[in-house]
Amino acid sequence: MSTESLSKDSSLFLVRLWAERDGGSDGNERSDNARRGKVLHVLSGEAHHFHDWAGLIAQMEMMLSQFENAPGAVASEQPIPAP
């Protein structure tokens with residue numbers, strides 16, 4: 001399968017997560033929501049940072065809609081086969 005057909009039928013994302021310190025007196029405390037991250041659309045190189053899970057989903061949905069609506073893009077309506 002060529003890279004061109006992959007870019008039209010699927011999307012590949014790389015997600016990086018890390019914990020940020022919340023500034024406790026000893027510098028080692030973390031709050032429950034101190035996860036941060038970056039999502040990269042591998043084929044286009046477009047990347048965005050996020051601060052929570054909702055932000056990750058919102059960024060991925062925004063990138064997917066951009067690429068689905070791009071000229072020459074073909075949305076796949078085939079169901080994903082079970083393994």
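User: A strand is a DSSP run of E with at least two residues. By that rule, where is the place of His49?

Analyst: The model is a predicted one. His49 has its place in strand E3, and E3 covers residues 47-50. That run meets the minimum of two, so the name strand applies.

User: What makes E2 and E3 a pair?

Analyst: Pairing needs at least two bridges between two strands. E2, residues 35-41, is joined to E3 by 4 bridges, so the two count as paired, and they run antiparallel. Two of the partnerships can be named: Gly37 with Phe50 of E3, and Val39 with His48 of E3. The hairpin of E2 and E3 has 5 residues between the strands, and Gly45 takes a positive phi near 85° there.

User: How many bridges join E1 to E2?

Analyst: There are 7 bridges between E1 and E2, again antiparallel. Since two would be enough, E1 and E2 are therefore a pair as well. Trp18 stands opposite Arg36 of E2. Together the strands give an open sheet in the order E1-E2-E3.

User: Why are E1 and E3 said to stand at the edges?

Analyst: E1 (13-19) and E3 (47-50) have a single partner strand each, so one side of each lacks a neighbour in the sheet. Neighbouring strands are turned by 15° against each other on average, direction ignored.

User: How do you know which residues His49 is in contact with?

Analyst: Contact requires heavy atoms within 4.5 Å. With neighbours up to four places away in sequence set aside, Trp18, Gly37, Lys38 and Gln59 meet that condition for His49. For Lys38 there is also a C-alpha distance to His49, 4.2 Å, across 11 residues of sequence.

User: How does the length of helix H2 compare with the expected span?

Analyst: H2 runs over residues 53-68, which is 16 residues, and spans 22 Å from first to last C-alpha. The expected value at 1.5 Å a residue is 22 Å, and the span is close to it.

User: Which residues of H2 are buried, and which are exposed?

Analyst: Buried means under 20% relative accessible area, and exposed means over 50%. Gly55, Leu56 and Met63 fall under the lower limit, so they are called buried. Trp53, Ala54, Glu61 and Glu68 lie over the upper one, on the other side of H2, and are therefore called exposed.

User: Why are the buried residues of H2 said to line one face?

Analyst: Viewed down the axis of H2, they fall within an arc of 105°, so they line one face of the helix. Their cover includes E1, E2 and E3.

User: What makes up the largest nonpolar core?

Analyst: Membership takes a buried nonpolar residue joined to others through side-chain atoms within 4.5 Å. Phe13, Val39, Phe50, Leu56 and Met63 satisfy this, giving a core of 5 residues. Val39 touches residues including Phe13, Phe50, Leu56 and Met63. In soluble globular proteins, nonpolar side chains tend to be buried together.

User: What share of the protein is buried, and which pattern does it follow?

Analyst: Buried residues are 13% of the 83 in the protein. Along the sequence, the 2 helices and 3 strands follow the pattern α-β-β-β-α.

Definitions and conventions: Residues are numbered from 1 along each chain as its sequence is written. This is a predicted model: local features need pLDDT of at least 70, side-chain atom pairs count only at pLDDT 80 or more; totals for chains, interfaces and linings use all residues. Side-chain values use heavy atoms; hydrogens and water are left out. Axes are lines fitted to C-alpha atoms, for helices over the stretch in contact, and angles run from 0 to 180 degrees between N-to-C directions. The expected span of a helix is 1.5 Å times one less than its number of residues. Buried means under 20% relative accessible area, exposed over 50%, partly exposed in between (1.4 Å probe, protein chains only). The arc is that of the directions from the helix axis to the C-beta atoms.
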